[in-house]
Amino acid sequence: MEKFYRDSWVEIQLENIIYNIQQLKKRLNKETEIYAVVKANAYGHGDIEVARSALAAGAKRLAVATLDEAVRLRECGVEAPILVMGWVRPEHVYAAADYGITVTCYQKEWVEEVLSLSLPKPVTIHLKWDTGMGRIGIRKKEELLDILPLLKNKNFHLEGIFTHFATADEISTEHFDNQRAYFEELLHLFRANWDGEVVLHTGNSAASMRFPEKMFDYVRFGISMYGLYPSGVVKKEKPINLKPALSLHSRLIHVKKVDKGTPVSYGATYITEREEWIGTVPLGYADGIRRALQGAEVLVNGKRCEIVGRICMDQFMIRLQEQAGVGDKVTLIGTQHEETIEMDELAEKLSTINYEIACMISSRVPRIYIDKV
Ligand code: PMH
């Protein structure tokens with residue numbers, strides 16, 4: 001959004017995204033390159049701006065979940081290789097080939113359907129192996145042996161192979177080690193049955209930061225590129241230092257001193273216990289500020305203030321610690337003076353993970369970019 005009139009906004013420090021990539025690069029083997037994972041509008045941060053910054057910082061490729069996300073990047077002039085990690089319908093492979101977008105392949109039936117198309121040029125594919133995530137991918141050796149001969153066809157250019165870890169952010173490495181061992185087994189079989197060179201990528205943020213020596217040609221760097229740790233375990237271990245890129249702000253649009261016993265918001269569920277300063281903030285559940293965040297805190301003039309009463313669609317109320325003015329800045333995620341509210345604090349309040357908080361801030365909230373490349 002270039003121009004907007006709202007008094008609520010998300011700020012993205014693009015230099016922090018660059019910093020986080022540089023920190024990971026320092027930790028990885030020299031030969032390991034980076035896919036910047038920019039699906040879901042770059043975890044809510046803004047796909048185009050993040051993609052450009054990530055590439056400027058040295059990420060070599062981009063990864064998204066859907067073909068639409070990939071096409072959007074291409075249409076905006078992004079020329080780097082893009083991988084769609086999720087499902088693409090066989091008949092949509094035309095578009096992928098046309099845009100030069102790499103798609104993920106893991107089903108014999110899918111391969112057979114693509115074989116029946118007369119593509120003007122081959123589609124570049126990466127094989128997905130399910131080594132223990134249980135989501136999508138080739139699981140059995142027989143499946144792999146069935147598919148490989150079909151890929152020796154002019155419609156396909158097999159360029160890469162990948163898998164995804166289910167537990168790389170947990171203390172126990174048992175499942176991670178099993179997944180990795182099975183990946184090696186499948187790789188051995190693949191190499192005995194395929195002549196061409198392929199690139200290999202396995203690690204998400206957790207795996208790439210914690211086990212850099214166990215990575216292959218690329219890692220797929222998502223949550224930590226945005227400056228967030230994938231779990232409490234990794235946050236405590238802190239394999240690299242990260243700087244969060246996103247902060248969320250608004251401004252008071254109304255301030256009032258009310259008497260003891262004043263009801264606030266729908267249902268009149270909050271009644272002031274004494275004379276209180278109540279502020280109104282122009283953000284609500286239509287912006288992704290979930291109603292369950294009632295009772296969470298925001299910052300005004302560096303002080304924590306509780307969200308009181310029900311959160312409405314476009315507004316919520318807070319109990320101010322002291323008198324404040326219309327226009328004073330309200331920070332829901334980020335720092336004011338000495339106080340910081342991390343995305344993890346909101347995630348904990350909602351019994352979820354920071355990934356979900358980043359993705360839930362709706363497109364109605366304008367994103368402002370600092371240090372755009
Ligand atoms: N690779 C794949 C296949 C993914 O699905 C994801 C994230 C990543 C890499 C990046 O992981 P990171 O953000 O932990 O670094 N996917 C998801 C997901 O499907 N739900 O939460 C995160």
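User: Where does Leu-246 lie?

Analyst: Leu-246 lies in strand β10, which covers residues 246-251. Keep in mind that you're looking at a predicted model.

User: Why does Leu-246 count as buried?

Analyst: Its relative accessibility is 6%, and buried means under 20%. The value for Leu-246 falls under that cut-off, so the residue counts as buried.

User: What does Leu-246 touch, leaving out residues up to four places away in sequence?

Analyst: Its partners are Val-10, Glu-11, Ile-12, Gly-44, His-45, Ile-333, Met-343 and Ile-361. A contact here means heavy atoms within 4.5 Å. Take Gly-44, one of those partners: Leu-246 and Gly-44 are 202 residues apart in sequence, yet 9.1 Å apart in space, C-alpha to C-alpha.

User: How much of the contact count in the chain comes from residues 24 or more positions apart?

Analyst: Such pairs account for 68% of the contacts with a separation of 6 or more.

User: Now for Asn-354. Which helix is it in, and how do you know whether it's buried or exposed?

Analyst: Asn-354 sits in helix α12, residues 354-360. Its relative accessible area is 4%. Set that against the 20% cut-off, under which a residue is buried, and Asn-354 is therefore buried.

User: What makes the pair of Tyr-229 and Asn-354 a polar contact?

Analyst: The backbone oxygen of Tyr-229 lies 2.9 Å from a polar atom of the Asn-354 side chain. The cut-off for a pair of N or O atoms is within 3.5 Å, where one must be able to donate a hydrogen and the other to accept it. At 2.9 Å, the distance fits that cut-off. Tyr-229 also appears among the residues that Asn-354 touches, along with Ile-223, Leu-228, Met-343, Asp-344 and Ala-347, again not counting residues up to four places away in sequence.

User: Why is helix α3 called largely enclosed?

Analyst: Helix α3 runs over residues 47-56, and seven of its 10 residues are buried, so the helix is largely enclosed by the rest of the structure. The buried ones are Asp-47, Ile-48, Glu-49, Val-50, Ala-51, Ser-53 and Ala-54.

User: Which elements do those buried residues pack against?

Analyst: They pack against α1 (14-27), β2 (33-37), α2 (39-43), β3 (61-64), α4 (67-75) and β20 (367-370). Just after α3, Gly-58 takes a positive phi of about 115°.

User: What makes α7 and α8 roughly parallel?

Analyst: Helix α7 (residues 141-151) and helix α8 (residues 174-193) pack at an angle of about 30°, with their axes 11 Å apart. Angles under 35 degrees count as roughly parallel, so α7 is roughly parallel to α8. On the α7 side the contact is made by Lys-141, Leu-144, Leu-145 and Leu-148, and on the α8 side by Tyr-182, Glu-185, Leu-186, Leu-189, Phe-190 and Asn-193. Their crossing is right-handed.

User: What does UniProt say about residues 245-370?

Analyst: An unreviewed UniProt entry annotates them as "domain: Alanine racemase C-terminal". In the model, that span is 11% helix and 40% strand, and its end C-alpha atoms lie 10 Å apart.

User: And how many helices and strands are there in the chain?

Analyst: There are 12 helices and 20 strands. The chain has 373 residues, of which 53% count as buried, and its C-alpha trace spans about 80 × 40 × 40 Å along its principal axes.

How values were computed: Residues numbered from 1 in each chain as written. Predicted model: local features only at pLDDT ≥ 70, side-chain atom pairs only at ≥ 80, totals over all residues. Heavy atoms only, no water. Helix = DSSP H or I, 4+ residues; strand = E, 2+ residues; numbered from the N terminus. Buried < 20%, exposed > 50% of the residue type's maximum accessible area, 1.4 Å probe, protein only. UniProt positions renumbered as here; feature names shortened; annotations may be inferred. Axes fitted to C-alpha atoms, helices over the stretch in contact; angles between N-to-C directions. Parallel < 35°, antiparallel > 145°, perpendicular 65-115°, else oblique. Left-handed = near helix turned anticlockwise from the far one by under 90°.
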